[in-house]
Amino acid sequence: MSSPGQPPQGAAFLIAQVGAHAAGRFAERVEDLGLTPPEVGLLRMIAGAPGRSQQAVAADMGVVPSRVVAILDMLDHKGLVERRQGATDRRHHALHLTDGGRQVLMEMRQLARAHDDDLCAALDAEERTQLAGLLQRIADQQGLTPGVHPGYRQLGGRRKR
């Protein structure tokens, strides 16, 4: 804790400060691919489990389904995802990446590695591993969903804890 008039020095503040900086820099980087961070996150989720429904993805992201539909509409318009009628329920759409979507995801992975390297340049390999392990323990203890940025929950007006 810092004293009055001094900058905050606690771990929680530093995590928030570095996290906000990292998120902003990531948004700038993916903009070069013509994407937004939520679009990248959705592409990753679809690639990780092709054929899932829009509703299942929305539940995992912690947002209202209409928000996922809006992002999917943009990705569909860009030719990166396709919706196929569900095999068992025609009202549900199964989500899949197109060839273009898979290509963009490969480019995004390279970009993410460069982003990680840039952000952690002050640390050696052992320190990076240690930091990642400590942050993972915090994320686990806080009940954060692996691989889902908590900022998505604010996109659709519904907060999930």
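**Exercise 1. Determine which residues of helix H2 are buried, and which elements they pack against.**

Solution. In helix H2, where helices are DSSP runs of H or I with at least four residues and strands are runs of E with at least two, numbered from the N terminus, the buried residues are Pro 38, Glu 39, Val 40, Gly 41, Leu 42, Leu 43, Met 45 and Ile 46. Buried here means under 20% relative accessible area, with exposed set at over 50% and partly exposed in between, for a 1.4 Å probe and protein chains only. These buried residues pack, by contacts defined as heavy atoms within 4.5 Å, against helix H1 (11–31), helix H3 (54–61), H4, strand E1 (81–85), E2 and H5. The model is a predicted one, in which local features need pLDDT of at least 70 and side-chain atom pairs count only at pLDDT 80 or more, while totals for chains, interfaces and linings use all residues. Residues are numbered from 1 along each chain as its sequence is written, and side-chain values use heavy atoms, with hydrogens and water left out.

**Exercise 2. Check the length of H2 against what its number of residues leads one to expect.**

Solution. The expected span is 1.5 Å times one less than the number of residues. For the 12 residues of H2 this gives 16 Å, and the end C-alpha atoms are 16 Å apart, so the two values agree.

**Exercise 3. Work out how H2 and H4 are oriented, and which residues form their contact.**

Solution. The axes are lines fitted to C-alpha atoms, for helices over the stretch in contact, and angles run from 0 to 180 degrees between N-to-C directions. On that basis, the axes of H2 (residues 37–48) and H4 (residues 65–77) come within 10 Å and cross at roughly 90 degrees. Angles under 35 degrees count as roughly parallel, over 145 as roughly antiparallel, 65 to 115 as roughly perpendicular and the rest as oblique, and H2 and H4 are therefore roughly perpendicular to each other. H2 contributes Pro 38, Glu 39, Leu 42, Leu 43 and Ile 46 to the contact, while H4 contributes Val 68, Ile 71, Leu 72, Met 74 and Leu 75. By class, the contact has 9 nonpolar, no polar and 1 charged residues, where Ala, Val, Leu, Ile, Met, Phe, Trp, Tyr, Cys and Pro count as nonpolar, Asp, Glu, Lys and Arg as charged, and the others, Gly among them, as polar.

**Exercise 4. Describe the surroundings of Arg 29 and Val 30 in helix H1.**

Solution. Arg 29 counts as buried at 16% relative accessibility, and Val 30 counts as buried at 0%. Leaving aside neighbours within four places in sequence, Arg 29 is in contact with Leu 111, Ala 114, His 115 and Asp 118. The side chain of Arg 29 also makes a polar contact with the side chain of His 115 at 3.0 Å, a polar contact being a pair of N or O atoms within 3.5 Å in which, within protein, one must be able to donate a hydrogen and the other to accept it, and residues adjacent in sequence count only if both atoms are side-chain atoms. With the neighbours within four places again left aside, Val 30 is in contact with Leu 35, Thr 36, Pro 37, Val 40, Met 108 and Leu 111.

**Exercise 5. Locate Thr 98 and identify what its side chain reaches.**

Solution. Thr 98 is found in the loop between strand E2 (93–97) and helix H5 (99–119), and is buried, with a relative accessible area of 16%. The side chain of Thr 98 reaches the backbone oxygen of Gly 79 at 2.5 Å.
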